[in-house]
Amino acid sequence: MIDFQIRAATVDEAEAVLAFWRESAEGTSVSDDVDGVTRLVARDPEALLLALADGRIVGSVIAGWDGWRASLYRLAVLPAHRRRGISTALLRAAEERFAALGGRRADAMVLEANGTGRMVWAAAGYEREDHWRRWVKPLAGRQEEQEGR
């Protein structure tokens, strides 16, 4: 077991968070850039939770609350620090945040191909709901930026 602390990220940690995700998280998102992380933390300073050990980011989860839904994203743990209770502690902190805000249910975005992630979520008591599917549409301006225009 390692000694770690959990706290909310700060705006000036955006680059460190992105570097951590490149090393530890499965997949990428359209908002994986300094502007995206900075905007998240500025809008909801308690949403991006980090686990730190010896000053280094070893885990993260985004606990997004919009007043209606409690959504979890980017649960990740540094590969060398897995199986030490970090994801459990991060999820506990996220769930406590949601409960304090009036959340009734938390749901998580998990890549279908992420077998390890699916096992972690199941072990934490989350169940897959096969009757739901995600529908997405790039927003104007973002699509052109992504295509390099």
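What covers the buried residues of α2? The legends below, drawn from a predicted model, begin with that helix and then move on to other places in the structure.

**Figure 1. Helix α2 has a buried side and a face turned away from it.**
The answer to the opening question includes α1 and β2, which help to cover the buried residues of this helix. Those buried residues include Gly36, Val37 and Val41. They span an arc of only 125 degrees around the helix axis, so they sit on the same side of α2. A simple rule helps here: an α-helix has 3.6 residues a turn, so residues three or four places apart point the same way. Now look at the face turned away from the buried side, where you will find the exposed residues Ala42 and Arg43.

**Figure 2. Val41 is a buried residue of helix α2.**
Val41 belongs to helix α2. Is Val41 buried or exposed? With a relative accessibility of 6%, Val41 counts as buried, because the cut-off for buried is under 20%. Which residues does Val41 contact, once neighbours within four places in sequence are left aside? They are Ala9, Thr10, Val11 and Leu48. You can also find Asp12 in this view: Val41 and Asp12 are 29 residues apart in sequence, and their C-alpha atoms are 9.6 Å apart in space.

**Figure 3. The largest nonpolar core has 33 residues.**
Look for Trp21, Leu48, Leu50, Val61 and Leu72, the members that touch the most other members of this core. Two or more residues come from each of the helices α1 (14–24), α2 (34–43) and α3 (86–101), and also from each of the strands β2 (48–53), β3 (56–65) and β4 (70–77). This fits a broader pattern: in soluble globular proteins, nonpolar side chains tend to be buried together.

**Figure 4. Leu50 and Ile57 are in contact with each other.**
Start with Leu50, and leave aside its neighbours within four places in sequence. Its contacts then include Gln5, Ile6, Arg7, Ala9 and Glu13, and you can add Val17, Ile57, Gly59, Ser60 and Leu90. Next, find Ile57 in strand β3. Ile57 counts as buried, at 9% relative accessibility. Not counting residues up to four places away in sequence, Ile57 touches Leu50, Ala51 and Leu52, as well as Ala16, Val17, Phe20 and Leu78. Along the chain, Ile57 and Phe20 are 37 residues apart, yet 6.8 Å separates their C-alpha atoms.

**Figure 5. A salt bridge joins the side chains of Asp44 and Arg97.**
A search of the whole structure finds seven salt bridges, and in this one the N to O distance is 2.4 Å. Asp44 is in the loop between α2 and β2 while Arg97 is in helix α3, so the pair ties together parts that are 53 residues apart in sequence. Are these two residues buried or exposed? Both Asp44 and Arg97 are buried, and the relative accessibility of Arg97 is 13%. Leaving out residues up to four places away in sequence, Arg97 touches Asp44, Glu46, Ala47, Ala63 and Trp65.

**Figure 6. Other salt bridges include Glu13 with Arg7 and Asp130 with Arg128.**
In the bridge between Glu13 and Arg7, the closest N and O atoms are 2.6 Å apart. Glu13 is buried, with a relative accessible area of 13%, whereas Arg7 is partly exposed at 27%. Asp130 and Arg128 meet through their side chains at 2.3 Å, N to O. Here Asp130 is partly exposed, with a relative accessible area of 48%, and Arg128 counts as exposed at 51%. Which residues are linked in a network of salt bridges? They are Glu112, Arg128 and Asp130.

**Figure 7. Aromatic rings appear in two settings, with Trp121 beside Tyr126 in a pair and Trp21 under the charged end of Arg74.**
The structure holds one aromatic pair. Its members, Trp121 and Tyr126, meet edge-to-face, with 5.0 Å from centre to centre and 85 degrees between the planes. Both of these residues, Trp121 and Tyr126, are buried. For the other setting, find the ring of Trp21: the charged end of Arg74 sits over it, 4.9 Å from the ring centre.

Conventions: Residues are numbered from 1 along each chain as its sequence is written. This is a predicted model: local features need pLDDT of at least 70, side-chain atom pairs count only at pLDDT 80 or more; totals for chains, interfaces and linings use all residues. Side-chain values use heavy atoms; hydrogens and water are left out. A nonpolar core is a set of buried Ala, Val, Leu, Ile, Met, Phe, Trp, Tyr and Cys residues joined through side-chain atoms within 4.5 Å. Buried means under 20% relative accessible area, exposed over 50%, partly exposed in between (1.4 Å probe, protein chains only). Helices (H or I, at least four residues) and strands (E, at least two) are DSSP runs, numbered from the N terminus. Contact means heavy atoms within 4.5 Å. A salt bridge is a side-chain nitrogen of Lys or Arg within 4 Å of a carboxyl oxygen of Asp or Glu. Rings of Phe, Tyr and Trp (its six-membered ring) pair if their centres lie within 6.5 Å; planes under 30 degrees apart count as stacked, over 60 as edge-to-face and the rest as tilted. A charge sits over a ring if NZ of Lys or CZ of Arg is within 6 Å of the ring centre and within 35 degrees of the ring normal. The arc is that of the directions from the helix axis to the C-beta atoms.
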